[in-house]
Amino acid sequence: MRKINLAEKFSLFTEHWSPKIAGELNGQQVKLVKFQGEFVWHHHESEDELFYVVKGSFDMHLRDKIITINAGEFLIMPRGV
């Protein structure tokens, strides 16, 4: 058991769109990633996905709406969406 400092972990890499595994729980990975620019629209058939914004913000474009996620907020995207 160890605590994770997000600022410290994010300082260890500079590249964008290259997820880094920060931990695991219940068979799931906790990944950190730096976004920049546009992300390709896609979906996951078998797992939910959590988007937690530490710094900045981004717009999640769905078929019927756009959701803005700001620093300190998160969104759980259900599998298949």
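Where is N26 found? Keep that one in mind while you look at the structure, and let me answer it straight away: N26 sits in the loop between β1 and β2. I'll come back to this residue at the end. Before anything else, please remember that what we have here is a predicted model.

Let's start with the overall picture. The protein chain has one helix and six strands. If you walk along the sequence, you meet them in the pattern α-β-β-β-β-β-β. The C-alpha atoms fill a box of roughly 40 × 30 × 20 Å along the principal axes.

How much of the chain is buried? Of its 81 residues, 14% count as buried. The accessible surface of the protein chain comes to about 6800 Å², and carbon and sulfur atoms account for 52% of that. As for contacts, take those between residues at least 6 apart in sequence: 25% of them join residues at least 24 apart.

Now to the charges. The protein chain has 10 positive and 11 negative charges, and the mean positions of the two groups are 7 Å apart. How many salt bridges does the count come to? It comes to two, so let's visit each of them, given that a salt bridge here needs a nitrogen and an oxygen within 4 Å.

One pairs E15 with K20, where the closest N and O atoms are 2.7 Å apart. Both partners fall in the middle class for exposure. E15 has 34% relative accessibility, so it counts as partly exposed. K20, at 27%, counts as partly exposed too.

The other salt bridge joins D48 and R79, with 3.3 Å between the closest N and O atoms. This pair links distant parts of the chain, 31 residues apart: D48 lies in the loop between β2 (28–32) and β3 (49–52), while R79 lies in the segment after β6 (74–77). D48 is partly exposed at 36% relative accessibility, and R79 is partly exposed with a relative accessible area of 47%.

Next, have a look at the surface for something nonpolar. Which residues form the nonpolar patch? They are I4, L6, L50, Y52, V54, F74 and I76, and together they have about 630 Å² of accessible area. Two elements, β3 and β6, each give two or more residues to this patch. One of the patch members, I4, is found in the segment before α1 (6–11). Why can I4 belong to a surface patch? Patch residues need over 30% relative accessible area, and I4 has 34%, which makes it partly exposed.

Let me finish with the backbone. Most residues other than glycine have a negative phi. With that in mind, here are two residues to find on your screen.

One is W17, in the loop between α1 and β1 (20–25). Its phi is near 60 degrees, a positive value in a residue other than glycine. W17 is partly exposed, with a relative accessible area of 31%.

The other is N26, our opening residue, back in the loop between β1 and β2. N26 has a positive phi of about 50 degrees although it is not a glycine. Is N26 buried or exposed? It is exposed, with a relative accessible area of 77%, and the cut-off for that class is over 50%.

So, when you explore the model yourself, try finding the D48 and R79 pair, then the patch that includes Y52 and F74, and then the loop that holds N26. Thanks for listening!

Notes:
Residues numbered from 1 in each chain as written. Predicted model: local features only at pLDDT ≥ 70, side-chain atom pairs only at ≥ 80, totals over all residues. Heavy atoms only, no water. Helix = DSSP H or I, 4+ residues; strand = E, 2+ residues; numbered from the N terminus. Buried < 20%, exposed > 50% of the residue type's maximum accessible area, 1.4 Å probe, protein only. Contact = heavy atoms within 4.5 Å. Areas by Shrake-Rupley, 256 points an atom, 1.4 Å probe, with all protein chains shown as cover. Lys, Arg positive; Asp, Glu negative; His and termini not counted. Charge placed at Lys NZ, Arg CZ, Asp CG, Glu CD. Salt bridge = Lys/Arg side-chain N within 4 Å of Asp/Glu carboxyl O. Patch = residues over 30% accessible without salt bridge, like charges linked within 9 Å, V, L, I, M, F, W, Y side chains within 5 Å.
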